[in-house]
Amino acid sequence: MADDMSNLTTRRGTLKGRITKFLKYLQDFPQDGDISQIRVRKQKIEESWDEFQRIQSTIETKVTEKTAAETEEAYRFEFEDLYFQAVVDSDKIMNKTGHSSNQNTSNNSGNSEIPESTASSRQASIVKLAALNVPEFSGNYKEWSTFNDMFTALIHSNEALTEVQKFFYLKAALSGDAAEVVKCFETSAKNYKIAWDCLNERFNNKRIMVQAHTKAIFDLESISEESSEKLRQFVNKLFGHIKALEAIGYEPMSWGPMLLHIILIKLDNATLREWETQAPKTEVPKVEDLITFLKCRFQILESIESAQKLNRFGSERSQIPPIQYKNKENIKNKNKSIFVHATTLPFKCYLCEDPHAIYKCKKFLDLAIKARRESVIKLKLCTNCLSKHKENKCKAKGCRKCGEHHNTLLHENVSEPNTESAPTTSINAHAASTPSAKVLLSTAIIKIFSSSNEPFLVRALLDSASQGNFITNSLVGKLRLAKQKFDCTISGVNAAECRVSHLVAAMVQARSGAYTRSINFMTLPKITSKLPASPINVNNSYTTPEDIEYADPTYATPGEIDLLLGAEVFFDTLRSGQFRPIENGPIYQETAFGWVVAGAVQRETHNNTGHTFVAQTVQGDCCRQIEKQMSNFWRLEELRGEECYSLDEKQCIEHFEKTVTKGEDGRFIVQLPFKKNPIELGSSKAIALKRFMSTENRLRGNPQLKEAYVNFIDEYLKLGHMEQVLENNQNNKPVYYIPHHAVLRDNSITTKLRVVFDASCATNTGKSLNDILLKGPSIQEDLINIISRFR
């Protein structure tokens with residue numbers, strides 16, 4: 001049996017060498033060479049492929065060990081890559097040479113009469129068309145029809161290709177889920193039709209394809225503003241999905257009102273208003289009419305936007321002084337120099353040289369005011385605009401706090417004399433309460449719609465003194481609204497500032513449905529504390545009309561605020577109704593959301609707590625005190641307990657402590673922690689040699705990998721990690737040969753080649769070196785413990 005395996009392996013190597021020689025022949029093939037040579041050699045290569053399949057299958061059936069089976073599988077993959085590369089290269093050369101010969105034949109045909117159709121086709125062939133590439137298919141049902149038609153036309157129905165070549169092109173065109181369908185099939189002629197039928201059975205599913213296109217129509221992105229580009233993209237996607245459904249055999253145009261509703265709710269207000277003016281008033285319009293209207297609409301918008309750009313260009317040009325028109329070349333050169341400056345000079349921070357302005361530099365902002373001034377002077381920057389320019393050329397307005405000629409980031413607060421060394425804490429507070437009365441703020445319970453058009457009831461604060469509208473981050477996550485990047489600074493009481501980084505759009509509606517509006521909100525972690533701060537006892541000291549509907553029935557009970565509607569919405573919702581039951585009491589105001597209650601209410605207690613905005617600055621010893629408190633906090637949080645080891649781990653630790661020694665060269669020496677008698681290992685030389693020969697064959701085909709592997713082994717010898725041993729074993733001690741192989745990672749940044757020593761390789765007794773060694777405890781801490789402490 002050993003002789004048979006040796007003969008099969010030798011014959012397999014001969015076949016592989018034949019393909020390698022053919023590849024070398026193709027690489028050196030001259031341009032004027034005989035194409036018949038390639039055809040004959042290719043036939044021999046195809047015969048070698050069939051013989052290799054028989055030999056490799058025989059070898060794989062005789063191999064029983066797992067590691068040897070993996071080696072044989074790798075050899076098969078390597079042989080297949082060589083064969084297919086040779087077939088593709090030969091086809092390229094034959095197609096190229098055949099095309100040239102056809103042209104020469106047509107040119108030397110003499111003066112014979114040529115049919116008109118043939119002449120026209122030859123004249124059309126003068127135009128060089130782009131090569132048709134085989135399409136790729138990843139398993140998306142919406143792409144199956146396109147892939148099926150193109151692959152059938154280019155490959156499947158091409159009689160010039162063999163079944164093996166078709167299978168090769170099919171595997172190269174598949175990825176993702178589609179590749180998994182044919183992954184288990186061997187690349188052979190008989191398996192091509194089976195694989196192609198499996199793909200058709202898997203992805204030619206009309207039901208799933210209809211569902212995919214229908215869902216895509218439902219999920220079309222809504223248009224928030226009037227734009228020709230967005231409307232054109234919307235119409236193209238909609239029309240594409242409708243035509244795809246019609247190609248399958250369905251008629252989405254017959255969906256009527258349902259499809260009309262889906263399209264209309266995704267249009268912007270201006271387009272929707274224009275459609276309503278043109279649509280029939282008493283009958284249900286057709287889907288075709290709506291699509292025709294949308295096509296005309298984006299064409300009109302494109303014309304308008306193009307005209308606006310031309311007008312803008314003309315107005316900008318008219319602003320150039322007349323004296324400059326005398327020399328048009330100067331204007332041209334000036335514009336050109338500005339363009340070059342903008343594209344060649346990188347924008348860098350003066351302090352850290354990163355691509356941002358210095359007023360956005362984290363390193364600069366972390367400095368104290370005094371240190372910032374020193375840095376600006378050292379870098380020779382303008383103290384007003386924080387940039388470099390000629391003297392007396394700064395056009396910045398100055399500090400926004402004091403109005404002086406310096407940047408706001410360099411503004412220093414004026415402190416009391418003789419207080420520089422003392423730690424200071426400054427607190428600025430403003431309260432919305434008085435000793436005798438509490439002020440109610442206008443709140444309302446309204447509807448807000450999520451990304452899936454699902455309504456949610458939320459509590460909103462109506463603020464006539466706010467220039468913006470705000471929403472909490474928790475509500476944004478609940479509604480799953482799409483965030484947009486937005487950089488803005490919000491200024492409040494005593495010039496207290498906070499930054500907003502995102503913007504969302506949402507539709508709000510009164511509970512009665514009488515008022516609906518789309519609003520842009522800025523996101524904040526929290527808008528305010530609960531309103532009111534404490535429960536208010538609404539006594540019956542005055543009477544209110546019984547038929548009014550409160551905008552917030554819980555206005556007297558403390559509750560969280562989810563939204564803040566600013567002046568833009570506040571005055572839009574005001575209505576004419578208003579009354580005050582008692583003098584100096586709350587005011588009842590009618591709005592689109594219902595009746596809101598605002599104003600002063602009498603207190604029953606002397607608690608002076610109200611809404612307070614606090615801006616606190618801590619300096620000096622307070623920082624060190626806070627740092628010490630945080631250090632103590634983390635010490636209290638740290639959990640320490642006795643580590644529990646298994647019996648094997650305890651034995652391994654004891655063995656290590658007893659046997660570890662330190663050599664003269666400073667290295668630590670540890671004996672192997674055997675838990676069983678090493679005699680049980682048996683013989684491992686045969687399998688190690690077999691694995692070694694497999695590695696040799698692999699390295700022979702990859703010179704770069706071989707060079708890296710040899711360098712690694714030489715380094716091991718120089719470092720003394722291994723040494724040469726004699727072939728004979730005179731002491732008859734247990735011996736274990738450790739197989740090794742290379743693992744190459746091209747995407748690795750540090751170590752691309754790693755040599756793996758496989759001590760888990762079983763011997764003829766079925767046991768490996770790892771099986772008879774004790775397993776020590778894990779040195780690294782468990783990942784779950786690290787994550788649980790992370791904050």
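Okay, let's start in helix H8, residues 189-203, where Lys-193 and Asp-197 sit four residues apart, about one turn of the helix. Their side chains meet in a salt bridge, with 3.3 Å from N to O. Before I go on, please keep in mind that this is a predicted model.

So how open to the outside are these two partners? Lys-193 counts as exposed, because its relative accessibility is 54% and the exposed class begins over 50%. Asp-197 comes in at 37%, so that one counts as partly exposed.

How many salt bridges does the whole structure have? A search finds 18. I'll walk you through a few of them.

Take Asp-366 and Lys-362, which form a salt bridge with their closest N and O atoms 3.1 Å apart. Lys-362 is exposed, with a relative accessible area of 61%. Asp-366 is exposed as well, at 56%.

Then there's Glu-680 with Lys-767, another salt bridge, where the closest N and O atoms are 2.7 Å apart. This pair links distant parts of the chain, 87 residues apart. Glu-680 is in the loop between strand E15 (668-669) and helix H21 (685-700). Lys-767 is in the loop between strand E17 (753-757) and helix H23 (783-789). Are these two buried, exposed or partly exposed? Glu-680 has a relative accessible area of 33%, so it is partly exposed. Lys-767 is partly exposed too, with 26%.

One more on the charged side: Arg-517, Glu-568 and Asp-572 are linked in a network of salt bridges. If you have the structure open, click on those three together.

Next, the loop between H14 and H15. Helix H14 covers 328-344, helix H15 covers 362-365, and Lys-360 is found in the loop between them. Lys-360 is exposed, with a relative accessible area of 55%. Which residue could you compare it with? Try Cys-349: Lys-360 and Cys-349 are eleven residues apart in sequence, and their C-alpha atoms are 8.7 Å apart in space.

Glu-353 lies in that loop between H14 and H15 too. What is unusual about its backbone? Most residues other than glycine have a negative phi, and most peptide bonds are trans. Glu-353 has a phi near 65 degrees, a positive value in a residue other than glycine. As for its surroundings, Glu-353 counts as exposed, because its relative accessibility is 58%.

Leu-386 also has a positive phi, about 60 degrees, although it is not a glycine. You'll find Leu-386 in the loop between helix H16 (369-378) and strand E1 (425-431). Buried or exposed, then, for Leu-386? Leu-386 is buried, because its relative accessible area is 3% and the buried class is anything under 20%.

While we're on the backbone, have a look at Leu-531 and Pro-532. A cis peptide bond joins them, and omega is about -15 degrees. Pro-532 is found in the loop between strand E8 (516-524) and strand E9 (563-565).

Now over to the nonpolar surface. Which residues make up the patch there? Ile-626, Met-630, Phe-633 and Trp-634 together make a nonpolar surface patch of about 380 Å². Trp-634 has its place in helix H19, residues 621-637. With a relative accessible area of 41%, Trp-634 is partly exposed.

Last stop, the inside. How many cavities of 30 Å³ or more does the structure hold? The structure holds one. The largest cavity has about 40 Å³ of space in it.

Who lines it? The lining of the largest cavity is Tyr-83, Phe-84, Val-87, Val-88, Asp-91, Val-164, Gln-165, Phe-168 and Tyr-169. Helix H3 (66-107) and helix H6 (163-173) each supply at least two of the lining residues. H3 gives the most, with five residues. And what kind of residues are they? Sorted by type, the lining divides into seven nonpolar, one polar and one charged.

To recap the places to click on: the Lys-193 and Asp-197 salt bridge in helix H8, the long-range pair Glu-680 and Lys-767, 87 residues apart, and buried Leu-386 with its positive phi. That's it from me, thanks.

Notes:
Residues are numbered from 1 along each chain as its sequence is written. This is a predicted model: local features need pLDDT of at least 70, side-chain atom pairs count only at pLDDT 80 or more; totals for chains, interfaces and linings use all residues. Side-chain values use heavy atoms; hydrogens and water are left out. Buried means under 20% relative accessible area, exposed over 50%, partly exposed in between (1.4 Å probe, protein chains only). Patches are made of residues with over 30% relative accessible area and no salt bridge: like charges are joined within 9 Å, nonpolar side chains (Val, Leu, Ile, Met, Phe, Trp, Tyr) within 5 Å. Accessible areas come from the Shrake-Rupley method with a 1.4 Å probe; for residues, only the protein chains shown count as cover. A salt bridge is a side-chain nitrogen of Lys or Arg within 4 Å of a carboxyl oxygen of Asp or Glu. On a 1 Å grid over the protein atoms alone, a cavity is a set of points where a 1.4 Å probe fits but cannot get out, and a pocket is an open set with protein on both sides within 12 Å along at least five of seven lines; lining residues have an atom within 4 Å of a point. Grid points are joined across faces, edges and corners, and a volume is the space filled by probe spheres set on the points. Ala, Val, Leu, Ile, Met, Phe, Trp, Tyr, Cys and Pro count as nonpolar, Asp, Glu, Lys and Arg as charged, and the others, Gly among them, as polar.
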